[in-house]
Amino acid sequence: MASLRNLLVTLSMVSLMACFANAQLSPNFYASSCPNLQLIVRNAMREAINRELRLGASILRLFFHDCFVNGCDASILLDDTATFTGEKNAGPNQNSARGFDVIDTIKTRVEAACTGTVSCADILALAARDGVVLLGGPTWAVPLGRRDARTASQSAANSQIPSPFSSLSTLISNFAAKGLNARDMTALSGGHTIGFSQCFTFRSRIYNDTNIAPMFAANRRGVCPASGGDSNLAPLDIQSPNRFGNTYYQNLVSQRGLLHSDQELFNGGSQDALVRLYSTNPTAFSNDFAAAMVRMGNISPLTGTNGEIRRRCRESRPYISQQQVYEAEARTMRKDKAIYDRLVALEKNETLYAKVWEHATLLEEFKAFKPNPELGKMMKMGWRTSVHASSVPLSSKLFSRHDAWCTSSSTTILTTNLP
Ligand code: HEM
């Protein structure tokens, strides 16, 4: 009897753990729903970087700017419309953030392979990692399972993305506000081992700062006049702007950081020792950078039934009318009913063991379950999958049964498996 009870407790725990795991990010999130995802992203990033080396840097920065504004939710990818103001025209992004078309291309290919399954937020996280790898940097397993925001915040982008004119203490507190410590901040700033910066972002440094190598300042004044030429470009890493390595830190040690904020990391303050370490130990930098990228990628993700899976990364799915929901509901009901009837019958069953077992079986059925093709077509036309999940009475009854066992994770199964 005791051993039966132990078995039941174990089964319940396993069942619950499986459910909780759905609510967290995991590198295997799309392993069965989109097995070729990583290959599609890697190949598209390779093509993009072959076309223009800088794109690896631009995509890495997009990911940083996405994560720092209300979490890694692809909010930065939303276009402005007549009625919607997104983040693309916030100060740190306007005429500066780039690479959006690369993400569009990847999303189109991913949609062709696995329709309605992979979020733009996850595509951006993978593309950022691949940009780093393809330019010679470290690799890491990217936790996945983020969903896309339906909204964005220009004011948060203006206030929460760090400025290149910041002091060390401001940079540390900007990152602390996102749950990242000073070591994460210094390692992530190593992203400036690739890419370029516009004159207006480093003008005051090369004309006014005193902690700058004189030859370096003179050289940079050549591309960045005291007035005018605001968008002229200089490499953030004077040694190798297209190769991901630890040379950025060597530049800082020799007072050749391009941005004021870069040189703040090595200016007699708390990060000096770490900058010295990274400048001589590329492995220490690579390991810390990869770990900090995972932590940055974990900032406030939308999971479960929050947010949505966009069809196109530039726009949120349109709302559907209640009338359309009723119509879809009427068509779906017949298919839901068989499963629902079994679940009702299950409720009458008295043994816990049977419930656990049956629950697992039904969960599998749910994974395989597809709504009727007509509904699928409507979803493809832009319906919000979550509206379906939360508005169809039979489905919600089923979900609430699942929720009793599984907290909030079950709706994901239906919404992510729509054709
Ligand atoms: C520490 C605070 C940071 C500040 C103040 C800062 C500031 C800037 C600025 C001003 C630019 C040039 C933009 C332009 O001229 O259009 C830039 C570029 C860039 N940033 Fe940062 N950044 C910071 C942290 C990061 C982090 C954490 C990453 C990634 C992990 C990153 C990756 C990049 C990359 C790759 C570029 C080059 C983009 C391109 O060439 O298109 N930055 N950053």
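**Group meeting: a walk through the predicted model**

In helix H8, the buried residues are Asp 184, Met 185, Thr 186, Ala 187 and Ser 189. The cover over these buried residues of H8 includes helix H7 (168-176), helix H12 (260-264), helix H13 (272-280) and helix H14 (282-297). I start there as H8 comes back when I get to the ligand.

Before going on, a word on what we are looking at. This is a predicted model. The protein has 419 residues, and buried residues make up 40% of them. Its secondary structure comes to 20 helices and two strands. Take the contacts between residues at least 6 apart in sequence: 78% of them join residues at least 24 apart.

Now the ligand. Which residues come nearest to it? Of the 26 residues around the ligand, they are Ser 58, Ser 96, Gly 191, Gly 195 and Gln 198. The elements giving two or more residues to this shell are helix H3 (55-67), H8 and E1. H3 gives the most, with five residues. By residue type, the shell around the ligand divides into eleven nonpolar, twelve polar and three charged.

Staying with H3, there is an annotation to mention. UniProt, in an unreviewed entry, places the feature "active site" at His 65. His 65 sits in helix H3. Is His 65 buried or exposed? His 65 is buried, because 21 other C-beta atoms lie within 10 Å, and the cut-off for buried is 20 or more. Leaving aside neighbours within four places in sequence, His 65 is in contact with Ile 76, Pro 92, Asn 93, Ala 97 and Ile 161.

The next annotation concerns a pair of residues. For "binding site", again from an unreviewed entry, UniProt lists Thr 193 and Asp 237. These positions are spread over 45 residues of sequence, yet they cluster in space, with a largest C-alpha distance of 5.1 Å.

I will take them in turn. Where is Thr 193 found? Thr 193 is in the loop between helix H8 (182-189) and strand E1 (196-198). Thr 193 has 30 other C-beta atoms within 10 Å, so it is buried. Not counting neighbours within four places in sequence, the contacts of Thr 193 are Asp 237, Phe 244, Gly 245, Thr 247 and Tyr 248.

Asp 237 is in another loop, the one between strand E2 (233-235) and helix H11 (247-253). Asp 237 is buried too, with 27 other C-beta atoms within 10 Å. Beyond residues up to four places away in sequence, Asp 237 touches His 192, Thr 193, Ile 194, Thr 247, Tyr 248 and Asn 251. Thr 193 and Asp 237 therefore appear in each other's contacts, and Thr 247 and Tyr 248 are among the contacts of Thr 193 and also of Asp 237, each of the two annotated residues being buried.

Next, a pair of helices. Two packed helices are described by the angle between their axes and the distance between the axes. The axes of helix H4 (residues 100-113) and helix H5 (residues 120-134) come within 10 Å and cross at roughly 115°. The crossing of H4 and H5 is right-handed. On the H4 side, the residues in contact are Val 102, Ile 103, Ile 106, Lys 107 and Val 110, and they meet Cys 120, Ile 123, Leu 124 and Ala 127 in H5. The residues of this contact divide into eight nonpolar, no polar and one charged. As for the spacing along a helix, an α-helix has 3.6 residues a turn, so residues three or four places apart point the same way.

Last, two residues with positive phi. Asn 70, which is not a glycine, has phi near 55°. Asn 70 is found in the loop between H3 and H4. With 19 C-beta neighbours inside 10 Å, Asn 70 counts as partly exposed.

The other is Ser 300, also not a glycine, with a positive phi of about 35°. Ser 300 lies in the loop between H14 and helix H15 (322-348). Why does Ser 300 count as partly exposed? Because it has 14 other C-beta atoms within 10 Å, and partly exposed means between 12 and 20. Setting aside residues up to four places away in sequence, Ser 300 touches Asn 70 and Gly 71, which brings us back to Asn 70. Ser 300 and Gly 179 are 121 residues apart in sequence and 9.9 Å apart in space, C-alpha to C-alpha.

Technical notes:
Residues numbered from 1 in each chain as written. Predicted model: local features only at pLDDT ≥ 70, side-chain atom pairs only at ≥ 80, totals over all residues. Axes fitted to C-alpha atoms, helices over the stretch in contact; angles between N-to-C directions. Helix = DSSP H or I, 4+ residues; strand = E, 2+ residues; numbered from the N terminus. Left-handed = near helix turned anticlockwise from the far one by under 90°. Contact = placed C-beta atoms within 7 Å. Nonpolar A, V, L, I, M, F, W, Y, C, P; charged D, E, K, R; others polar. UniProt positions renumbered as here; feature names shortened; annotations may be inferred. Near = placed C-beta within 6 Å.
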